[in-house]
Amino acid sequence: MQQFVNITLNGLSQGAIYAAFALALVLIWRATRIINFAQGAMAMFTTYLALTLIESGQSYWVGFAAALVAGLVLGALVERIVMRPVEGGPELNAVIVTLGLFVAFQALAAILFGATFQSFPAPFGLRGFTVGEFTIAFTPFSVFVIGSVLVVMLALTALFRFTDLGLRMRASAFSQEVSRLLGVRVGRMLTLGWAFAAVVGSLAGLLIAGGNLVHPAYMDAVIVYGFVAAVLGGLESPGGAVAGGLITGLALSYVSGYLGSELVTLAALGILVAVLLVRPRGLFSRVAERRV
Amino acid sequence: MAEPRGTLDIRGLSARYGPVTALDAVDITASPGRVTAVLGANGAGKTTLLRTISGLVKGADGSVLLGGRDLTGASAETIARAGIAHVPEGRGVITELTVEENLRLGELLGTARRGKGGREHRLDTVYEMFPALEQRRRREANSLSGGERQMLVIGRALLSAPEVLLLDEPSLGLAPRIVAQLFALIRDLVDREGITVLLVEQNARSALSIADTGFVLNLGRVVAAADAASLAGDADLRHAYLGF
Amino acid sequence: MRAVLRRLVPRSLLLRNLLGVVAGLVVVVLVLETTSPFRNSQFATMSYYAIAAAGLTVLTGLNGQISLGHGALMAVGAYTTALLLEGGSVPFPLAMLAAAAVTAVAGVVVGAAAARLHGPYLAGATLALAVGVPGLAIYFDGLLGGEQGLSVRSPRPPDWFADAHYFLTAGELGGAKYLAYVGWITLLVVVLLLANLMAGRYGRVWRAVRDDEVAAELAGMRLGGLRILAFVVSAACAGLAGSVLAMVVRLAAPSGFTIVLSLSLLTAVVVGGLGSLTGALLGSALLVFLPPAVTNLGTGAGLTGVQAAQLAPLVYGVVLVVVMLLAPGGVMGLLRRLWRRGINQGGST
């Protein structure tokens, strides 16, 4: 029983991170019909920037903020310089470009920051709370993880629901041509969309890294989990991405806890294939018809 | 020669899709307070004309002037901000957004333009004009009927305080009764607000009933230009190009 | 000039391709005999990259399906070979065929799922495959050797081959050279088969499916079956490539089949030019000969060895992006454009 509770709690905090990562994928997919396979590598890169700052004596929070700002800039630059020419073109070309960025960022990080494992600090304790006589797998850092993901989601929801900028961004995502006719600077909105998505991705990178080891490939599996979560949620809906993230986190935590951690990525593959074949529009759609 | 505000002047406009000439040296002038109809069969180049004016089709020759300001080759965003509102064929409702969000997009553009002396329109006046929209303001726009969608896009265009309104086949897919109401509304708007309307229609009879002037396009060329009454009265022309 | 060339080339496709293979064999012998053992081992490496890339170009270039999972499929072939050669009783050509067959079966499974996906979905699913499959080796560490992997007995040249080799070249037949011969002969056979396939009915049908799904379906083609077939052919090549890899590096271990391997293969086919076998060969050459060159440049510029080793993937990534932005047709696309321009100018003067 205690094991089950711990695995569940662990799954929830991992799931929150996958939810953030999936949300970042969905933001870009909705606006540009591109899956940013480089998102994990970009997040890894900004996390290393944070680590460099922290190791040079700055506080965790300076590193944290710097990584998010770096994500914002990186996302905008990537969209403006590299992705813009392939937007709206053959989908294979865009996929290949994001994969090229993936490889390039990973190699660049290994050159600049080293290819070895380095430990990344956590701003809060990593010892579980005690309930009665048990220590549960829920730490002050888990609270921070879930809290910061919640804050980001609420902030994004508020942006999209209640601001003019958010309305323009959503309009650009749904119909570029009509938005242009209504005077919306669609190009800027797409750049902003990639920038915000990269901030959310960077947050996911920082949270995965907290209290763990980082190396240039540490986000590889997270891309897969985030993708699975996004597809579970139907790829179009931010809310679906969040739910998909939590489900993925829980499912993979059970697989890891009861079957073996080596099988986690394969289980993710299994979930992905099952969803794509049975409910291609995601778990929460009313219609089950779509070409994937 | 200083052009009055709101005059849309199209001079020698030519556009091609690959080897096909879609527009061939088209000259059209549309004036404030008047409905200018552009008529012709399917494939005559009417939609291309509007898309070229609003900057969606690039690489055309010739010039597009709004009140003397040269908008040739400008981006669609810039042209919209200059005061040309294009209501595209198929209506251009953003179906994933709510009715009110669609309208707010028009309002945002209007606010951005107001500094330049655009006429002010408020959401309330649009809801007053189209009560059906107010009832559904929080619904997603894909729940609207064809007629309601047409009201939505016209309301949205008005909120952007345009000098020129480009309407592409507004009657398409609407019941005759709705079409009559719609055209009466357009006429009324022009008379009250003094905006310039360029109305592209296949339904030539209805269009000419509210238009002041008309141009007939065939295979990308202007084959006739006259006031609406004399176009409607020209039997040969009607048989050859207008189908009524 | 072209007319003369054309008259010299036989009309039958099979004959023409066979002629190409014989010519290729002569070139292989000449190159392998005149280069150092170090180069020989580089050519051995190139052979397995090229086999896998040739298979991938059929899938991605011809049929429009992307796969980031070919590294994982190579792993299937490599582990199959390692297991079969373990006892020493199975002759290696049989192990290679078995590796291709087992991987082809895996290809049926993956292809059946993949046939219903396109573009980004397919990329995501095969990415999951690439990231997930190495975990199997760790899970079944009793059979597959865990992180350390399985060491592979490299085949020794049989006497008749060594004798024939000595008779032809009067030179020593080292282990690396023998494996390079094995790899290149396999590659030539693969290229011959794929070239025939691509020029034939299936090639046309695959291209039709890639270019216009709806039209192909209306024309009565069974898209699902065709897609699965492309995946199976491609997987069999990957399995064969994995088999050669296992024998050349004498090891089948999870660290050899990371996502970077899959992405390297993609780089090869994209840079060479999607859909072209020659392009796949050129791209594979890049994968083998570029890393030492840029690594040397890196150490020359003051990078440590570990850093310099990452320059190659950095270049792959940048090249993938640049090729897609500037020349989506790859090297072969550029050459074809130049060639056509040459003809046009020749015709007008």
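Colleague: Leaving aside neighbours within four places in sequence, which residues is A:L213 in contact with?

Modeller: This is a predicted model. A:L213 sits in strand β4 of chain A, residues 213-214. Beyond its neighbours within four places in sequence, the contacts of A:L213 are A:F117, A:Q118 and A:S119.

Colleague: Is A:L213 buried or exposed?

Modeller: A count of 12 or fewer other C-beta atoms within 10 Å makes a residue exposed. A:L213 has 11 such atoms within 10 Å, so its class is exposed.

Colleague: How far apart are the C-alpha atoms of A:L213 and A:L49?

Modeller: Along the chain, A:L213 and A:L49 are 164 residues apart. In space, the separation of their C-alpha atoms is 15 Å.

Colleague: What does helix α5 of chain A reach from its first C-alpha to its last?

Modeller: Helix α5(A) covers residues 140-162, which is 23 residues. At 1.5 Å a residue, 33 Å is expected. The model comes close to that, with a reach of 32 Å.

Colleague: What do the buried residues of α5(A) pack against?

Modeller: The buried positions in α5(A) include A:S142, A:V145 and A:V149. A:V152 and A:L156 are buried in α5(A) too. The buried residues of this helix pack against two elements of chain A, α1 (2-32) and α8 (186-209).

Colleague: UniProt places a "transmembrane region" at residues 60-82 of chain A. How far apart are the end C-alpha atoms of that span, residues 60-82?

Modeller: The feature comes from an unreviewed UniProt entry. In the model, residues 60-82 of chain A are 100% helix and 0% strand. The end C-alpha atoms of the span are separated by 31 Å.

Colleague: And residues 266-284 of chain A, what is their helix percentage?

Modeller: UniProt also lists residues 266-284 of chain A as a "transmembrane region". The end C-alpha atoms of this span lie 23 Å apart. Strand makes up 0% of residues 266-284, and helix 68%.

Colleague: Which chains share the most contacts?

Modeller: There are 2 pairs of chains in contact. Chain B and chain C do not touch, and their nearest C-alpha atoms are 20 Å apart. Chain B does contact chain A, through 20 residues of B and 14 residues of A. The pair that shares the most contacts is chains A and C.

Colleague: Which element gives the largest share of the side of chain A that touches chain C?

Modeller: On this interface, 40 residues of chain A are in contact with 39 residues of chain C. Three helices of chain A, α4 (91-113), α9 (220-232) and α11 (264-278), each supply at least two residues of the A side. With 16 residues, the largest share comes from α4(A).

Colleague: How many residues of the side of chain A that touches chain C are nonpolar?

Modeller: By class, that side has 4 charged and 5 polar residues. Its nonpolar residues number 31.

Colleague: Which element gives the largest share of the side of chain B that touches chain A?

Modeller: The contact involves 20 residues of chain B and 14 residues of chain A. Helices α2 and α3 (99-114) of chain B each supply at least two residues of the B side. By class, the B side divides into 10 nonpolar, 5 polar and 5 charged residues. The largest share, 7 residues, comes from α3(B).

Colleague: Within chain B, which element gives the most to the side of domain 1 that touches domain 2?

Modeller: The assignment gives domain 1 (1-83 + 165-244) and domain 2 (95-162) of chain B. Their centres are 23 Å apart, taken over C-alpha atoms. The contact takes 11 residues from domain 1 and 10 residues from domain 2. On the domain 1 side, with 3 residues, the most comes from α7(B).

Colleague: Why is α4(C) largely enclosed by the rest of the structure?

Modeller: Helix α4(C), residues 70-86, has 17 residues, and its end C-alpha atoms are 24 Å apart, which agrees with the expected span. Just after α4(C), C:G88 takes a positive phi of about 85°. The helix is largely enclosed because its buried residues number 16 of the 17.

Colleague: What is the radius of gyration of chain C?

Modeller: Chain C has 17 helices and 2 strands. For 349 residues the globule rule gives 20 Å. Chain C is close to that value, so it is as compact as a globular protein of that length, with a radius of gyration of 21 Å.

Methods: Residues numbered from 1 in each chain as written. Chains lettered and ligands numbered in written order. Predicted model: local features only at pLDDT ≥ 70, side-chain atom pairs only at ≥ 80, totals over all residues. Contact = placed C-beta atoms within 7 Å. Helix = DSSP H or I, 4+ residues; strand = E, 2+ residues; numbered from the N terminus. Nonpolar A, V, L, I, M, F, W, Y, C, P; charged D, E, K, R; others polar. Domains from an automatic or database assignment. Buried ≥ 20, exposed ≤ 12 C-beta atoms within 10 Å, placed from the backbone. Expected span 1.5 Å × (residues − 1). Rg over C-alpha atoms; globule rule 2.2 N^0.38 Å. UniProt positions renumbered as here; feature names shortened; annotations may be inferred.
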